[in-house]
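Welcome, and thanks for opening the viewer. Let us take a short walk from one selection to the next, with a pause at each stop.

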Amino acid sequence: MAAAIDVSGAPSLEQQAYLIGLALQQAELAVDEENRPDQSQISFDTENATVSIAITMGTTLSVSGNDAVIGAVPYLA
């Protein structure tokens, strides 16, 4: 399991999402090229001052009482 990402210094939810996307991409790049996952993509549009973050990951679904619980499957060691 990858280390937790500290976003406590981020002033907004948007900044936290950005930091998480960057951290996931950096963690993927730390995996040797032969086994590297490609589940996060970040693209910057400097002309429009935007960033797009896409993250694809497996999930688990369980039912507890009347609640459906969806969780992310870890893919980074």
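Before the first stop, one definition will help: the expected span of a helix is 1.5 Å times one less than its number of residues. Keep in mind too that this is a predicted model.

**Stop 1: the helix**

Select residues 13–29, which make up helix H1. From the first C-alpha to the last, its 17 residues reach 24 Å, close to the 24 Å expected at 1.5 Å a residue. Now colour Gly 21, Ala 23, Leu 24 and Glu 28, which are buried in H1. Turn the view until you look down the axis of H1: the buried residues fall within an arc of 165 degrees, so they line one face of the helix. Swing around to the other side of H1 and you will find Gln 26 and Leu 29, both exposed.

What do the buried residues of H1 pack against? Show strands S1 and S2, and you have the partners of those buried residues.

**Stop 2: the first hairpin**

Select residues 40–45 for S1 and 50–55 for S2. These two strands run antiparallel, with six bridges joining them. To follow the pairing, pick Gln 41, which stands opposite Ala 54 in S2, and then Asp 45, which has Thr 50 of S2 opposite. Four residues lie between the strands of this hairpin, and Ala 49 takes a positive phi near 55 degrees.

**Stop 3: Ser 40**

Stay with S1 and select Ser 40, which is found in that strand. Is Ser 40 buried or exposed? Its relative accessibility is 3%, and buried means under 20%, so Ser 40 counts as buried. Show its surroundings next: leaving aside neighbours within four places in sequence, Ser 40 is in contact with Leu 24, Gln 25, Glu 28, Ala 54 and Ile 55. With Glu 28 there is also a polar contact, in which the two side chains are joined at 3.2 Å.

**Stop 4: an aromatic pair**

A pair of aromatic rings is described by the distance of the centres and the angle of the planes. The count of such pairs here comes to one. Select Tyr 18 and Phe 44 to see the pair: the rings are edge-to-face, 6.4 Å centre to centre, with 80 degrees between the planes. The pair links distant parts of the chain, as Tyr 18 belongs to helix H1 and Phe 44 to strand S1, 26 residues apart. Switch on the surface and look at both residues again. Tyr 18 is partly exposed, with a relative accessible area of 23%, while Phe 44 is exposed at 52%.

**Stop 5: a long line across the model**

Go back to helix H1 and pick Gln 15, which lies in it. At 30% relative accessibility, Gln 15 counts as partly exposed. Draw a distance from its C-alpha atom to that of Ser 64: the two are separated by 33 Å and lie 49 residues apart along the chain.

**Stop 6: the second hairpin**

Finally, select residues 59–64, strand S3. How many of the six residues of S3 are buried? The number is zero, so S3 lies largely in the open. Add residues 67–72 to bring in strand S4, which runs antiparallel to S3 and is joined to it by six bridges. One pairing to click on is Thr 59, with Ala 72 of S4 standing opposite. Two residues lie between S3 and S4 in this hairpin, and Gly 65 in the turn has a positive phi of about 65 degrees.

Technical notes
Residues numbered from 1 in each chain as written. Predicted model: local features only at pLDDT ≥ 70, side-chain atom pairs only at ≥ 80, totals over all residues. Heavy atoms only, no water. Buried < 20%, exposed > 50% of the residue type's maximum accessible area, 1.4 Å probe, protein only. Polar contact = N/O pair within 3.5 Å; in protein donor to acceptor, adjacent residues only side chain to side chain. Contact = heavy atoms within 4.5 Å. Arc of directions from axis to C-beta. Pairing = 2+ DSSP bridges. Phe/Tyr/Trp six-rings, centres within 6.5 Å; stacked < 30°, edge-to-face > 60°.
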